[in-house]
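Please open the model in your viewer and keep the selection panel at hand. The stops below are given in the order in which they may be selected.

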Amino acid sequence: KAFVRFEDYQGIQLVKRLRMLEDRVKQRAEVAAYFQRFDEAESLYREIDRKDLAIDLRVRLGDWFRVIQLAHGGSEEQQAWSAIGDYYADRGKWSNAAQYYTTAQNHAALVDTHYFLEDYEALERLIGQLPEGSPLLLDVGNKFASVGLCEQAVQAFLRHGDVKTAVDTCVLLNQWDLAVNLAQQQNFQQIEGLLAKYAQHLLDKNKQIEAVQLYRKANRHTEAAKLLAQIAREMPGGAQKNPDRVKKLYLLAALEVEKHKAKTLDVQMTAVTQGTMTTAQTVQSLITQDQGVASDRALESPWRGAEALHVYLLSQRQLYEGQFEQAMKTALRLADYEDILDSQTIYSVIGLTTYYNKYFMQCSKAFIKLEASSDVHEDMQEIGRASCRERV
């Protein structure tokens with residue numbers, strides 16, 4: 001009646017709760033809690049061996065440190081540790097919050113805490129602690145992607161089972177090599193498009209050798225051979241300055257073509273063995289494949305470039321060793337490789353070796369070729385003419 005007169009609604013609710021309690025000690029504890037004598041209320045609960053009610057009292061009060069002392073394990077203790085972490089997080093004390101969240105095994109809160117602390121090593125360790133497929137892994141992956149840590153983001157997305165997002169993240173962060181390797185490992189269907197994009201990305205940055213390595217990793221032997229042949233043709237200084245390197249590039253291109261042919265033959269023979277293709281169909285397929293390879297000049301005769309550079313180097317070696325006749329015979333073979341070597345390279349060697357062997361007719365023809373060639377600069381042509389007149 002007194003609470004009604006004072007219009008104290010909470011007091012009325014207290015009386016209702018007291019009426020529902022049959023134990024006088026519980027009633028006394030509730031009264032003590034109402035008058036904020038919390039220690040007395042806790043003691044009364046513990047006298048009747050109702051520690052759960054004492055813990056519940058402290059939970060309602062938000063006295064989480066006391067909850068930990070009373071709980072000694074169980075869900076209430078984890079809740080208390082997590083609540084203490086929230087207390088420090090609300091005040092921006094993230095290091096303290098991380099300690100309590102770790103004790104509480106509150107992974108969701110730990111993700112945000114480590115991110116705010118920029119403790120990415122701890123956040124990466126958390127990936128292995130989360131169960132596979134956990135939605136938190138997506139949050140972790142997105143957080144790593146936001147700061148440019150691609151490998152860690154991919155690790156999180158893969159553990160969640162989201163291969164597409166992992167590959168898209170690599171592309172977004174320009175980690176094309178990781179994207180291609182990941183697509184190959186996970187049998188990603190869009191691998192062809194990724195290869196084309198990455199290769200163009202490397203070529204735009206003038207990283208041709210890296211593009212070749214990409215094609216080789218992807219078993220795209222024809223593309224690798226074409227690019228190697230192109231690099232050999234566009235080598236600064238050509239065969240005159242870097243003959244060994246140009247020869248090696250042509251050799252690598254030829255080996256890639258051979259790998260392509262061997263791979264195609266293995267596939268066709270396997271089909272014949274399994275009965276999915278007849279012998280005639282296999283022969284026709286191989287012919288078609290050869291025609292496709294021959295349609296590109298770089299692949300039509302893959303060893304031709306290496307042969308041309310080999311002959312050129314051999315003639316130079318013989319010339320410097322004083323074997324003038326052998327050097328001339330070797331140099332004359334270079335005329336068969338005008339599609340590989342420039343006119344200046346070929347006919348300079350022919351003219352020099354024929355001059356030393358006193359084959360002046362062949363020497364004259366070589367100089368005529370040099371004078372008519374667009375590969376030879378006009379100043380060099382004039383020097384050549386003056387030299388001829390002097391010798392005459």
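**Stop one: a nonpolar surface patch**

Select F324, L352, Y355, Y356 and F360; in this predicted model, these residues make up a nonpolar patch on the surface of about 470 Å². Next, extend the selection to residues 343-356, which form helix α24. This helix supplies the largest share of the nonpolar patch, with three residues.

Then move to F360, a member of the patch that is found in helix α25, spanning residues 360-372. How exposed is F360? Its relative accessible area is 47%, so F360 counts as partly exposed.

**Stop two: a patch of negative charge**

Clear the selection and choose D119, E121, E124, E151 and D177, which gather on the surface as a patch of negative charge. From this group, keep D177 and display residues 176-185, the helix α14 in which D177 lies. With a relative accessible area of 38%, D177 is partly exposed, because that category covers values between 20% and 50%.

**Stop three: a buried threonine**

Finally, select residues 107-117, which constitute helix α9, and locate T113 within them. Is T113 buried or exposed? The relative accessibility of T113 is 0%, and T113 therefore counts as buried, the limit for this class being under 20%.

To see what surrounds this side of the helix, add W94, A98 and Y101 to the view. T113 touches each of these three residues, when residues up to four places away in sequence are left out of the count.

Definitions and conventions. Residues are numbered from 1 along each chain as its sequence is written. This is a predicted model: local features need pLDDT of at least 70, side-chain atom pairs count only at pLDDT 80 or more; totals for chains, interfaces and linings use all residues. Side-chain values use heavy atoms; hydrogens and water are left out. Patches are made of residues with over 30% relative accessible area and no salt bridge: like charges are joined within 9 Å, nonpolar side chains (Val, Leu, Ile, Met, Phe, Trp, Tyr) within 5 Å. Accessible areas come from the Shrake-Rupley method with a 1.4 Å probe; for residues, only the protein chains shown count as cover. A salt bridge is a side-chain nitrogen of Lys or Arg within 4 Å of a carboxyl oxygen of Asp or Glu. Lys and Arg count as positive and Asp and Glu as negative; His and the chain ends are not counted. The place of a charge is taken as NZ of Lys, CZ of Arg, CG of Asp or CD of Glu. Helices (H or I, at least four residues) and strands (E, at least two) are DSSP runs, numbered from the N terminus. Buried means under 20% relative accessible area, exposed over 50%, partly exposed in between (1.4 Å probe, protein chains only). Contact means heavy atoms within 4.5 Å.
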